[in-house]
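Student: Could you take me through one part of this structure slowly? I would like a close look at a single helix and how it sits among its neighbours.

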Amino acid sequence: MATPKVVSPGLHPQLVKLLEADTYQYSKGRPHPLSYYYLSRTAVRSIASLKTLCFLSFLVIIAWTFLSRRSPYSNAAWEKAVLQSSQRQEGGQMTVLVTGAAGFVGSHVSLALKKRGDGVVGLDNFNDYYPVELKRARASNLEQAGIFIVEGDLNDQNLLMKLFKLVHFTHILHLAAQAGVRYAVKNPLAYVHSNVGGFVTLLEQCKNSQPQPAIVYASSSSVYGLNSKVPFSEDDRTDHPASLYAATKKADEVLAHTYNHIYGLSITALRFFTVYGPWGRPDMAYFSFTRNIVEGKPITIFQGPHGEELARDFTFIDDIVKGCVASLDTALPSTGSGGKKHKKAQFRIYNLGNTQPVKVGDFVSILEKHLKKKAIRNIIPMPSTGDVMFTHANVTRAKHDLGYNPSTDLSTGLHIFVKWYKSYYKEGAGHEDMLKGYKPY
Ligand SMILES: NC(=O)c1ccc[n+]([C@@H]2O[C@H](COP(=O)([O-])OP(=O)(O)OC[C@H]3O[C@@H](n4cnc5c(N)ncnc54)[C@H](O)[C@@H]3O)[C@@H](O)[C@H]2O)c1
């Protein structure tokens, strides 16, 4: 039987010839040569599409790398948001960059400044030292008030340069820092990164700005370290820090002096004493004690080597806000340009405390009263992680220069805090999961 003619337009003539030859032996069970041809064509097609796929993937990777390297702050929408946020309203006298604006103190002061008409732009890296959801919630409060928080790190020189080019900041309120005494044992470099590296990056930017802004920044009562003279006053020695956190805050004070001395930056350091209040920090004792008492869990209270109780000069957030705002209002302009100062610039250090230290045991009793629930007290010797036995502020200087006058006693302040805590974290409010699994250091 003759082999049927193969009609295959487009085939290689050599192959057509071969297929059309009557002599070809199908009967021997060998595969038809056309099948080889189609197989190879399919293979060639697959390789071609694989190549296309590889090429496209390559393009996608390049585009992704490019886009992810592009900072989120290099677009028109970002610039518009920054500029809008920096606008002063009626009554506003200054344009302030608040670093750490998504933090506890930063969010409160930002709102206070905005309320009286100042232009406010925030900066925060939203790190996860404590639940980021709380920082986001604070940021959303600020957004509602017309304050934009730039999401970025203090150490990002390009970001700072871009920001300062866009907005002429008259004042910087620098509150961003790695806070917390005990966490420094676990992650010391986080403190060096934010509190030392970040501060110097910011000072460099301020020094180079024309005109230079005035700077108010957060130091800490922890710089008094092992100081045993009470109450602590600004002229006391601060060269015996008890924790790495305190050492970085002391380093900030020394660095600030250097930039003031060489470059004429006007700088004010505020030594805060244990700040507490609504929207506070979940890593701090007043917050974690409240949470544990509410949840029926034990609280851990530290004791000194001879059974002494620790005492803290707890300061309510509203008093701290007043102190920050008054410091900004009384800050004199910086005096430098072109890398040098033209005359001596203002350099100030103030204690911002409450002046009434309370023993931790008494503090827990006040909390129990407001929570209407007894605490399960677990009293243990204080670990050697850097806490000091007591803090007590002398605020004479702040009173004189800033009109600072703390007016909220601990019971009133804790009552306000507990009210906020209970309503914010009550069942059904949608925030119950925010602290789930979080354990302070
Ligand atoms: N709360 C207190 O009792 C207390 C006491 C003494 C001093 N202070 C100081 O006051 C300031 C404010 O404290 P807080 O209680 O609001 O703390 P916080 O942790 O709530 O706020 C600090 C904010 O800074 C941000 N931040 C940290 N490192 C950053 C970086 N490298 N770049 C950008 N943002 C960064 C964090 O994300 C955080 O939102 C801090 O400098 C703290 O050391 C606070």
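Tutor: Here is a walk along helix H6, followed by a look at its surroundings. Keep in mind that this is a predicted model.

Let's begin with the setting. The protein chain has 441 residues, of which 39% count as buried, and its secondary structure comes to 14 helices and 15 strands. Among contacts with a separation of 6 or more, 80% join residues that are 24 or more positions apart in the chain.

Now find H6, which covers residues 157–166. Three leucines here are buried: Leu159, Leu160 and Leu163. If you look down the axis of H6, its buried residues fall within an arc of 95 degrees, so they line one face of the helix. Turn to the face pointing away from that buried side, and you meet Asn158 and Lys165, which are exposed.

What lies over the buried residues? The cover includes helix H3 (76–86), strand E3 (148–151) and helix H8.

H8 is a good one to follow further. Helix H8 (188–208) also supplies at least two residues of the shell around the ligand, as do helix H4 (104–115), strand E2 (119–124) and strand E5 (214–220). The biggest share comes from H4, with three residues. In total, 28 residues surround the ligand, and the closest are Gly100, Gly103, Phe104, Ala177 and Ala218. By type, the shell divides into 13 nonpolar, 11 polar and four charged residues.

So keep H8 in view as you turn the model: it helps cover the buried residues of H6, and it contributes to the shell around the ligand.

Definitions and conventions: Residues are numbered from 1 along each chain as its sequence is written. This is a predicted model: local features need pLDDT of at least 70, side-chain atom pairs count only at pLDDT 80 or more; totals for chains, interfaces and linings use all residues. A residue is near a molecule or strand if its C-beta atom, placed from the backbone, lies within 6 Å of it. Helices (H or I, at least four residues) and strands (E, at least two) are DSSP runs, numbered from the N terminus. Ala, Val, Leu, Ile, Met, Phe, Trp, Tyr, Cys and Pro count as nonpolar, Asp, Glu, Lys and Arg as charged, and the others, Gly among them, as polar. A residue is buried if 20 or more other C-beta atoms lie within 10 Å of its own, exposed if 12 or fewer, and partly exposed in between; C-beta atoms are placed from the backbone. The arc is that of the directions from the helix axis to the C-beta atoms. Two residues are in contact if their C-beta atoms, placed from the backbone, lie within 7 Å.
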